[in-house]
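Here is my note on the side-chain contacts, set out as numbered points. I hope it is handy to read with the structure open beside it.

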Amino acid sequence: MKKFLVVCVAALLPCFLVSAQEADDAGTGVGLSVIPRIDLTPEFYPDGGHSFTLGNSSLYSLFEGNISESVSFSVANHWAGFYSTEKALLFEDTKALYKNTLKRTGNWLDWANVTFTTGDFSFTLGKDMVTMGGIEFDDYDFDVDPILVSSLWNGFDCYQWGAKVGYSLSDSQELTFQVTTSPYADGLFEKPWFNYSLGWNGSVGDIETIWSATAIQTGAKEFFYLASLGQRLEAGNWLLGLDLSNASMMTGDLSYGLMVLPSVTYNFSDGLNIFAKGGYEALFKGEDAASAFWGGAGVNWYPVENLRLRAFGAYNQLWECSSVGIGLTYFLNIGK
(Lines give C-alpha, C1' and ligand atoms only; values in the text may rest on other atoms or scores of the structure.)
Protein backbone atom coordinates (compact mmCIF):
# COMPACT_ATOMS: atom_id res chain seq x y z
CA MET A 1 0.00 0.00 0.00
CA LYS A 2 2.91 2.33 0.69
CA LYS A 3 4.18 2.06 -2.89
CA PHE A 4 0.65 2.49 -4.20
CA LEU A 5 0.17 5.76 -2.35
CA VAL A 6 3.55 7.13 -3.36
CA VAL A 7 3.00 6.26 -7.02
CA CYS A 8 -0.44 7.88 -6.93
CA VAL A 9 0.95 11.09 -5.44
CA ALA A 10 3.81 11.24 -7.96
CA ALA A 11 1.59 10.51 -10.95
CA LEU A 12 -1.33 12.74 -10.05
CA LEU A 13 0.36 15.67 -8.33
CA PRO A 14 0.92 17.74 -11.52
CA CYS A 15 -2.80 17.49 -12.33
CA PHE A 16 -3.73 18.34 -8.76
CA LEU A 17 -1.51 21.41 -8.75
CA VAL A 18 -3.16 22.69 -11.92
CA SER A 19 -6.51 22.05 -10.28
CA ALA A 20 -5.41 23.92 -7.15
CA GLN A 21 -4.33 26.93 -9.20
CA GLU A 22 -7.39 27.08 -11.44
CA ALA A 23 -10.25 25.90 -9.27
CA ASP A 24 -10.31 28.22 -6.24
CA ASP A 25 -13.74 29.56 -7.21
CA ALA A 26 -15.09 26.02 -7.56
CA GLY A 27 -14.09 25.09 -4.00
CA THR A 28 -11.64 22.42 -5.19
CA GLY A 29 -7.90 21.99 -4.89
CA VAL A 30 -5.28 19.64 -3.53
CA GLY A 31 -2.08 20.26 -1.60
CA LEU A 32 0.92 18.27 -0.41
CA SER A 33 2.99 19.22 2.64
CA VAL A 34 6.27 17.54 3.53
CA ILE A 35 7.20 18.13 7.17
CA PRO A 36 10.64 17.23 8.57
CA ARG A 37 11.36 17.87 12.26
CA ILE A 38 14.77 17.74 13.97
CA ASP A 39 15.13 17.87 17.79
CA LEU A 40 18.04 17.81 20.20
CA THR A 41 16.77 16.92 23.69
CA PRO A 42 19.18 15.89 26.45
CA GLU A 43 17.49 14.22 29.44
CA PHE A 44 18.65 14.38 33.07
CA TYR A 45 17.84 11.81 35.77
CA PRO A 46 17.55 12.10 39.58
CA ASP A 47 20.61 9.89 40.15
CA GLY A 48 22.79 12.35 38.24
CA GLY A 49 22.78 10.39 35.00
CA HIS A 50 21.88 11.83 31.64
CA SER A 51 21.32 10.82 28.03
CA PHE A 52 21.18 12.61 24.70
CA THR A 53 18.13 12.00 22.52
CA LEU A 54 16.61 13.23 19.28
CA GLY A 55 13.21 13.88 20.89
CA ASN A 56 10.41 13.85 18.32
CA SER A 57 12.67 14.02 15.25
CA SER A 58 10.57 12.71 12.38
CA LEU A 59 9.40 13.01 8.79
CA TYR A 60 5.71 13.44 8.00
CA SER A 61 3.61 14.38 5.01
CA LEU A 62 0.05 15.64 4.57
CA PHE A 63 -1.77 15.10 1.27
CA GLU A 64 -5.28 16.52 1.30
CA GLY A 65 -7.81 18.62 -0.49
CA ASN A 66 -11.25 18.94 -2.06
CA ILE A 67 -12.07 16.80 -5.07
CA SER A 68 -15.38 18.64 -5.46
CA GLU A 69 -17.60 20.88 -3.37
CA SER A 70 -18.94 17.81 -1.56
CA VAL A 71 -16.00 15.36 -1.55
CA SER A 72 -12.71 15.85 0.30
CA PHE A 73 -9.87 13.57 1.35
CA SER A 74 -6.93 13.56 3.76
CA VAL A 75 -3.84 11.34 3.97
CA ALA A 76 -1.19 11.72 6.69
CA ASN A 77 2.01 9.66 6.54
CA HIS A 78 4.61 9.15 9.25
CA TRP A 79 7.58 8.13 7.13
CA ALA A 80 10.34 8.14 9.76
CA GLY A 81 10.91 8.68 13.47
CA PHE A 82 14.10 9.01 15.49
CA TYR A 83 14.60 9.13 19.26
CA SER A 84 17.85 7.47 20.27
CA THR A 85 21.26 8.66 19.14
CA GLU A 86 22.78 5.20 19.71
CA LYS A 87 23.78 3.63 16.41
CA ALA A 88 22.12 0.31 17.22
CA LEU A 89 18.81 1.99 18.12
CA LEU A 90 18.77 4.98 15.78
CA PHE A 91 16.42 3.44 13.22
CA GLU A 92 14.31 1.29 15.56
CA ASP A 93 11.35 3.71 15.66
CA THR A 94 11.35 3.94 11.86
CA LYS A 95 11.58 0.17 11.41
CA ALA A 96 8.61 -0.32 13.73
CA LEU A 97 6.45 1.89 11.50
CA TYR A 98 6.79 -0.56 8.62
CA LYS A 99 6.72 -3.76 10.65
CA ASN A 100 3.28 -2.71 11.89
CA THR A 101 1.72 -2.11 8.45
CA LEU A 102 -0.98 -4.78 8.89
CA LYS A 103 -1.48 -4.14 12.60
CA ARG A 104 -3.67 -1.77 14.56
CA THR A 105 -0.65 -0.28 16.31
CA GLY A 106 1.12 2.84 15.04
CA ASN A 107 2.56 2.59 11.53
CA TRP A 108 3.62 4.73 8.58
CA LEU A 109 0.00 5.55 7.66
CA ASP A 110 -1.54 7.73 10.36
CA TRP A 111 -4.77 8.28 8.49
CA ALA A 112 -6.29 8.07 5.01
CA ASN A 113 -9.95 8.92 4.59
CA VAL A 114 -12.57 10.38 2.30
CA THR A 115 -15.42 12.64 3.45
CA PHE A 116 -18.68 13.21 1.60
CA THR A 117 -20.79 16.20 2.67
CA THR A 118 -24.43 16.77 1.84
CA GLY A 119 -26.52 19.39 3.54
CA ASP A 120 -25.90 19.27 7.29
CA PHE A 121 -24.48 15.73 7.17
CA SER A 122 -20.94 14.44 6.56
CA PHE A 123 -19.81 10.84 6.07
CA THR A 124 -16.15 9.85 6.55
CA LEU A 125 -14.74 6.46 5.61
CA GLY A 126 -11.21 5.11 6.08
CA LYS A 127 -8.48 5.39 8.66
CA ASP A 128 -9.00 8.28 11.06
CA MET A 129 -8.31 9.42 14.59
CA VAL A 130 -10.60 7.87 17.18
CA THR A 131 -12.94 10.54 18.57
CA MET A 132 -11.29 11.04 21.96
CA GLY A 133 -8.80 13.05 23.94
CA GLY A 134 -9.99 16.66 23.91
CA ILE A 135 -7.67 19.56 23.09
CA GLU A 136 -4.49 17.51 23.62
CA PHE A 137 -5.29 15.14 20.74
CA ASP A 138 -6.24 18.06 18.47
CA ASP A 139 -2.57 18.89 17.78
CA TYR A 140 -0.71 17.29 14.89
CA ASP A 141 1.81 14.67 16.05
CA PHE A 142 4.69 16.63 14.53
CA ASP A 143 3.79 19.60 16.76
CA VAL A 144 3.96 17.60 20.01
CA ASP A 145 6.74 17.15 22.57
CA PRO A 146 6.11 13.65 24.02
CA ILE A 147 7.50 14.57 27.45
CA LEU A 148 4.83 17.28 27.72
CA VAL A 149 1.75 15.18 27.02
CA SER A 150 -0.24 12.57 28.90
CA SER A 151 0.31 8.84 29.21
CA LEU A 152 -2.89 8.42 27.17
CA TRP A 153 -1.40 10.38 24.24
CA ASN A 154 1.86 8.42 24.46
CA GLY A 155 0.28 5.01 24.99
CA PHE A 156 -2.98 4.73 23.05
CA ASP A 157 -3.02 3.90 19.32
CA CYS A 158 -5.58 6.49 18.29
CA TYR A 159 -5.44 6.02 14.48
CA GLN A 160 -7.88 3.29 13.50
CA TRP A 161 -10.01 2.15 10.54
CA GLY A 162 -13.72 2.87 10.50
CA ALA A 163 -16.52 5.26 9.61
CA LYS A 164 -17.95 8.47 11.05
CA VAL A 165 -21.19 10.39 10.59
CA GLY A 166 -21.35 14.07 11.46
CA TYR A 167 -24.31 16.41 11.80
CA SER A 168 -23.87 20.20 11.84
CA LEU A 169 -26.16 21.86 14.33
CA SER A 170 -24.85 25.23 13.11
CA ASP A 171 -21.74 26.71 11.53
CA SER A 172 -19.91 26.24 14.83
CA GLN A 173 -21.50 23.10 16.32
CA GLU A 174 -21.14 19.50 15.14
CA LEU A 175 -22.23 16.16 16.58
CA THR A 176 -20.49 12.96 15.44
CA PHE A 177 -20.91 9.22 15.78
CA GLN A 178 -17.96 6.99 14.90
CA VAL A 179 -17.21 3.27 14.76
CA THR A 180 -13.54 2.23 14.53
CA THR A 181 -11.41 -0.85 15.04
CA SER A 182 -10.05 -1.40 18.54
CA PRO A 183 -6.25 -1.36 19.08
CA TYR A 184 -6.70 -4.19 21.57
CA ALA A 185 -6.85 -6.63 18.65
CA ASP A 186 -3.30 -6.55 17.34
CA GLY A 187 -3.69 -7.73 13.75
CA LEU A 188 -5.79 -5.61 11.41
CA PHE A 189 -8.12 -8.54 10.66
CA GLU A 190 -7.45 -10.50 13.83
CA LYS A 191 -10.67 -9.92 15.81
CA PRO A 192 -13.89 -7.99 15.19
CA TRP A 193 -13.34 -5.65 18.14
CA PHE A 194 -14.44 -2.03 17.83
CA ASN A 195 -14.66 1.40 19.44
CA TYR A 196 -17.90 3.40 19.52
CA SER A 197 -17.63 7.17 19.91
CA LEU A 198 -19.92 10.16 20.34
CA GLY A 199 -18.40 13.59 19.90
CA TRP A 200 -19.36 17.24 20.14
CA ASN A 201 -17.11 19.91 18.63
CA GLY A 202 -18.29 23.45 18.95
CA SER A 203 -17.63 27.03 19.90
CA VAL A 204 -19.63 29.48 21.96
CA GLY A 205 -18.24 32.97 21.73
CA ASP A 206 -14.51 32.73 22.47
CA ILE A 207 -14.76 29.24 23.98
CA GLU A 208 -14.06 26.13 21.88
CA THR A 209 -15.11 22.68 23.07
CA ILE A 210 -14.01 19.18 22.07
CA TRP A 211 -16.04 16.70 24.12
CA SER A 212 -16.37 12.97 23.54
CA ALA A 213 -17.42 9.65 25.04
CA THR A 214 -15.90 6.44 23.68
CA ALA A 215 -16.52 2.77 24.44
CA ILE A 216 -13.24 0.96 23.69
CA GLN A 217 -13.49 -2.81 23.28
CA THR A 218 -10.70 -4.44 25.30
CA GLY A 219 -11.95 -8.04 25.27
CA ALA A 220 -14.59 -10.34 23.82
CA LYS A 221 -17.30 -8.74 25.98
CA GLU A 222 -15.30 -6.07 27.77
CA PHE A 223 -15.29 -2.30 27.21
CA PHE A 224 -13.44 0.63 28.70
CA TYR A 225 -15.58 3.78 28.84
CA LEU A 226 -13.48 6.86 28.14
CA ALA A 227 -14.83 10.38 28.67
CA SER A 228 -12.87 13.45 27.51
CA LEU A 229 -13.79 17.10 28.03
CA GLY A 230 -11.57 19.59 26.23
CA GLN A 231 -12.15 23.34 26.27
CA ARG A 232 -10.10 26.27 25.05
CA LEU A 233 -10.61 30.01 25.62
CA GLU A 234 -9.20 32.71 23.35
CA ALA A 235 -8.86 36.02 25.19
CA GLY A 236 -6.95 38.61 23.20
CA ASN A 237 -3.39 37.32 22.80
CA TRP A 238 -3.99 34.58 25.38
CA LEU A 239 -5.07 31.02 24.65
CA LEU A 240 -6.11 29.00 27.70
CA GLY A 241 -6.81 25.27 27.53
CA LEU A 242 -8.05 22.62 29.93
CA ASP A 243 -8.57 18.89 29.30
CA LEU A 244 -10.32 16.57 31.74
CA SER A 245 -10.52 12.80 31.41
CA ASN A 246 -11.42 9.74 33.45
CA ALA A 247 -8.58 7.61 32.06
CA SER A 248 -4.83 7.16 32.34
CA MET A 249 -2.23 4.77 30.95
CA MET A 250 0.30 5.23 33.74
CA THR A 251 0.43 1.45 34.20
CA GLY A 252 0.80 0.80 30.46
CA ASP A 253 -2.88 -0.06 30.01
CA LEU A 254 -6.15 1.85 30.16
CA SER A 255 -7.19 2.42 33.77
CA TYR A 256 -9.89 4.51 35.37
CA GLY A 257 -8.74 7.58 37.23
CA LEU A 258 -8.42 11.32 36.77
CA MET A 259 -6.43 13.32 34.25
CA VAL A 260 -6.21 17.13 34.33
CA LEU A 261 -4.25 18.96 31.61
CA PRO A 262 -4.03 22.78 31.77
CA SER A 263 -2.19 24.86 29.17
CA VAL A 264 -1.61 28.51 28.36
CA THR A 265 -0.14 30.26 25.30
CA TYR A 266 0.63 33.93 24.80
CA ASN A 267 1.02 35.20 21.23
CA PHE A 268 3.31 38.21 20.90
CA SER A 269 2.70 38.15 17.14
CA ASP A 270 1.93 35.69 14.36
CA GLY A 271 5.59 34.66 14.43
CA LEU A 272 6.31 34.38 18.15
CA ASN A 273 4.60 32.80 21.15
CA ILE A 274 5.42 31.38 24.55
CA PHE A 275 3.60 28.49 26.20
CA ALA A 276 3.32 26.55 29.43
CA LYS A 277 1.53 23.26 29.92
CA GLY A 278 1.35 20.45 32.39
CA GLY A 279 -0.70 17.59 33.70
CA TYR A 280 -1.73 15.53 36.68
CA GLU A 281 -2.82 11.91 36.52
CA ALA A 282 -4.15 9.75 39.33
CA LEU A 283 -5.32 6.15 39.63
CA PHE A 284 -7.51 5.25 42.59
CA LYS A 285 -7.94 1.48 42.31
CA GLY A 286 -6.31 -0.94 44.76
CA GLU A 287 -2.67 -1.84 44.23
CA ASP A 288 -2.53 0.31 41.09
CA ALA A 289 -3.32 3.50 43.05
CA ALA A 290 -0.77 6.13 42.04
CA SER A 291 -0.38 9.70 40.89
CA ALA A 292 2.10 11.67 38.82
CA PHE A 293 2.56 15.12 37.32
CA TRP A 294 4.57 16.83 34.63
CA GLY A 295 5.02 20.32 33.30
CA GLY A 296 7.14 22.66 31.26
CA ALA A 297 7.35 25.85 29.25
CA GLY A 298 8.80 26.95 25.95
CA VAL A 299 8.81 29.27 22.98
CA ASN A 300 7.89 28.96 19.29
CA TRP A 301 9.50 31.34 16.81
CA TYR A 302 8.79 31.55 13.07
CA PRO A 303 11.71 33.63 11.71
CA VAL A 304 10.69 33.02 8.09
CA GLU A 305 7.62 31.56 6.45
CA ASN A 306 7.12 27.80 7.00
CA LEU A 307 10.00 27.45 9.49
CA ARG A 308 9.39 26.94 13.20
CA LEU A 309 12.15 27.07 15.81
CA ARG A 310 11.19 25.66 19.21
CA ALA A 311 12.83 25.51 22.65
CA PHE A 312 11.43 24.14 25.90
CA GLY A 313 12.23 22.84 29.34
CA ALA A 314 10.19 20.12 31.07
CA TYR A 315 9.97 17.70 33.95
CA ASN A 316 7.95 14.48 33.83
CA GLN A 317 7.48 12.35 36.94
CA LEU A 318 6.27 9.42 34.85
CA TRP A 319 9.46 9.51 32.80
CA GLU A 320 11.50 10.16 35.94
CA CYS A 321 13.56 12.81 34.20
CA SER A 322 13.81 16.45 33.24
CA SER A 323 14.70 17.65 29.78
CA VAL A 324 15.55 20.70 27.72
CA GLY A 325 14.98 20.70 24.00
CA ILE A 326 15.64 22.73 20.90
CA GLY A 327 14.42 21.89 17.44
CA LEU A 328 13.18 23.02 14.09
CA THR A 329 10.27 22.03 11.91
CA TYR A 330 9.95 22.97 8.25
CA PHE A 331 6.69 22.95 6.31
CA LEU A 332 7.30 22.45 2.59
CA ASN A 333 3.92 23.20 1.03
CA ILE A 334 3.16 22.29 -2.58
CA GLY A 335 -0.10 23.31 -4.19
CA LYS A 336 -3.39 24.61 -2.83
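1. Let me begin with the aromatic rings. This is a predicted model, and the count of aromatic pairs in the structure comes to 17. One of them is formed by Phe63 and Phe73, which meet edge-to-face, with 5.2 Å from centre to centre and 65° between the planes. Because Phe63 belongs to strand E2 (residues 50-66) and Phe73 to strand E3 (residues 71-84), the pair ties together parts that are 10 residues apart in sequence. Phe63 and Phe73 are both buried.

2. A pair with another geometry comes next. Phe224 and Tyr256 are stacked, their ring centres 4.0 Å apart and their planes at 15°. This pair links distant parts of the chain, 32 residues apart: Phe224 sits in strand E10 (residues 222-235) and Tyr256 in strand E12 (residues 255-269). Are the two partners buried or exposed? Phe224 has 5% relative accessibility, so it counts as buried, while Tyr256, at 44%, counts as partly exposed.

3. Please also look at the rings that join into a group. Tyr60, Trp111, Tyr140, Phe142, Tyr159 and Phe331 are linked into a cluster by ring pairs.

4. Now to the surface. A nonpolar patch there is made up of Phe116, Phe121, Phe123, Val165, Tyr167, Leu169 and Leu175, which together have about 590 Å² of accessible area. Strand E5 (121-129) and strand E6 (159-170) are the elements that give two or more residues to this patch. Which element gives the most? That is E6, with three residues. Phe121, for its part, lies in strand E5. With a relative accessible area of 39%, Phe121 is partly exposed; patch members need over 30%, so Phe121 passes that cut-off.

5. On to the charged side chains: the structure holds nine salt bridges. In one of them the side chains of Arg37 and Asp145 meet at 2.6 Å, N to O. Arg37 lies in strand E1 (residues 29-44) and Asp145 in the loop between E5 and helix H3 (151-155), so this salt bridge ties together parts that are 108 residues apart in sequence. Both Arg37 and Asp145 are buried.

6. The loop between E5 and H3 comes up again with Asp143. The side chains of Asp143 and Arg308 form a salt bridge at 3.3 Å, N to O. Here too distant parts of the chain are linked, with Arg308 in strand E15 (residues 307-316), Asp143 in that loop between E5 and H3, and their positions 165 residues apart in sequence. Arg308 is buried, its relative accessible area being 3%, whereas Asp143 counts as partly exposed at 24% relative accessibility.

7. One more salt bridge deserves a line. Glu208 and Arg232 meet through their side chains at 3.0 Å, N to O. Glu208 is in strand E9 (residues 207-219) and Arg232 in strand E10, so the pair links distant parts of the chain, 24 residues apart. At 28% relative accessibility Glu208 counts as partly exposed, and at 16% Arg232 counts as buried.

8. Last, how do the bridges combine? Arg37, Asp39, Asp145 and Arg310 are joined into one network by salt bridges that share partners.

Key:
Residues numbered from 1 in each chain as written. Predicted model: local features only at pLDDT ≥ 70, side-chain atom pairs only at ≥ 80, totals over all residues. Heavy atoms only, no water. Phe/Tyr/Trp six-rings, centres within 6.5 Å; stacked < 30°, edge-to-face > 60°. Helix = DSSP H or I, 4+ residues; strand = E, 2+ residues; numbered from the N terminus. Buried < 20%, exposed > 50% of the residue type's maximum accessible area, 1.4 Å probe, protein only. Patch = residues over 30% accessible without salt bridge, like charges linked within 9 Å, V, L, I, M, F, W, Y side chains within 5 Å. Areas by Shrake-Rupley, 256 points an atom, 1.4 Å probe, with all protein chains shown as cover. Salt bridge = Lys/Arg side-chain N within 4 Å of Asp/Glu carboxyl O.
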